[in-house]
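Reader: Could you take me through one part of this model up close, the place where protein meets DNA strand D? I'd like the cut-offs spelled out as you go.

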Number of protein chains: 2
Amino acid sequence: MPSALRKSPCEPVTAPREAPDLRPVEGKAADEELALLAKAVGHPARVQILRLLARRESCVCGDIVDELPLAQSTVSQHLEVLRGAGLVRGDIDGPRVCYCVEPRAMRRLKALVGSL
Amino acid sequence: MPSALRKSPCEPVTAPREAPDLRPVEGKAADEELALLAKAVGHPARVQILRLLARRESCVCGDIVDELPLAQSTVSQHLEVLRGAGLVRGDIDGPRVCYCVEPRAMRRLKALVGSL
DNA sequence: CCGTCAAATCGTCAACATGCGATAAGCGAC
DNA sequence: GTCGCTTATCGCATGTTGACGATTTGACGG
């Protein structure tokens with residue numbers, strides 16, 4: 001652990017109470033949405049990134065690069081995939097970018113998988 | 001619904017009580033497992049197939065082909081992907097093959113996704 | 001303004017995914 | 001055996017993914 005409590009521009013892990021997602025979990029649109037999300041998760045490096053972000057042990061892109069045995073450009077691409085799927089958000093923090101999971105998308109993914 | 005209650009060589013939808021999965025939901029192996037499963041789910045046609053099988057509206061390969069706007073060979077390939085990931089099982093039933101979801105793998109997938 | 005550091009983007013390449021038609025293989029019925 | 005039906009596999013074309021190094025962009029600090 002880097003330090004006891006590190007302030008960061010990202011949202012707190014525990015969301016402050018959000019409205020439930022009313023979109024259907026079945027049907028063609030839901031199928032495509034699930035496929036899109038699952039595809040984004042469908043790579044070990046991206047799973048690892050999601051876990052890192054969920055645990056908040058890393059948030060800044062560079063830290064993630066250090067954790068993974070991949071080049072910086074490759075990590076950036078994986079982050080872009082996750083961002084494209086809406087699973088992750090990147091907040092610009094000076095010269096750095098702080099990535100964090102998008103809790104709503106994660107809940108959505110869990111709901112869709114749960115509907116299987 | 002095709003008929004009231006259709007007998008099939010597949011297992012009942014409600015599993016007869018299985019031991020819980022003791023494998024960890026984190027770590028490198030779990031990450032790779034999740035990535036593998038998610039990758040298999042990461043295609044709309046395969047999501048649709050999983051839903052069809054879960055609802056038991058189709059079980060035989062040919063029925064699935066009829067439901068999807070895809071060629072028979074393509075559906076067969078998707079089924080093979082799902083089978084390779086362990087999400088689906090194919091029981092030979094005379095000249096046909098009856099596919100059904102593998103409840104254990106589905107539970108495993110849900111557990112892994114839930115661990116995110 | 002410039003350096004400097006972080007991150008994204010570009011260019012390239014090998015590997016894989018996806019689709020199809022065509023063909024092979026397996027199983028029952030006859 | 002052989003026919004017919006069902007499913008799997010093959011071969012191929014096309015597009016996407018994943019990896020890397022190299023380069024560009026962006027944001028401070030001086």
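**The surface near DNA strand D**

Author: Helix 4 of chain A gives the largest share of the surface near DNA strand D, namely four residues. (Helices here are DSSP runs of H or I with at least four residues, strands are runs of E with at least two, and both are numbered from the N terminus; a residue is near a strand if one of its heavy atoms lies within 4 Å of it.) Before we go on, the ground rules: this is a predicted model, in which local features need pLDDT of at least 70, side-chain atom pairs count only at pLDDT 80 or more, and totals for chains, interfaces and linings use all residues. Residues are numbered from 1 along each chain as its sequence is written, chains are lettered from A and ligands numbered from 1 in the order in which they are written, and side-chain values use heavy atoms, with hydrogens and water left out.

Now, the strand itself. It has 21 residues around it, and the ones that come nearest are A:Thr74, A:His78, B:Val60, B:Gly62 and B:Tyr99. Of the atoms of DNA strand D that come within 4 Å of the protein, 66% belong to sugar and phosphate. Sorted by class, the surface near the strand has eight nonpolar, ten polar and three charged residues. (Ala, Val, Leu, Ile, Met, Phe, Trp, Tyr, Cys and Pro count as nonpolar, Asp, Glu, Lys and Arg as charged, and the others, Gly among them, as polar.)

For polar contacts, think pairs of N or O atoms within 3.5 Å; within protein, one must be able to donate a hydrogen and the other to accept it, and residues adjacent in sequence count only if both atoms are side-chain atoms. On the phosphate side, B:Ser76 puts a polar side-chain atom 2.9 Å from a phosphate oxygen of DNA strand D, and an N or O atom in the side chain of A:His43 sits 3.4 Å from a phosphate oxygen of that strand. The bases get a partner too: a side-chain N or O atom of A:Gln77 is 3.2 Å from a base nitrogen of DNA strand D. As for elements, those giving two or more residues to this surface are helix 4 (72–84) of chain A, plus helix 3 (61–67), helix 4 (72–84) and strand 2 (96–101) of chain B. So much for the tour; to sum up, helix 4 of chain A has the largest share of the surface, and sugar and phosphate make up 66% of the strand's atoms within 4 Å of the protein.
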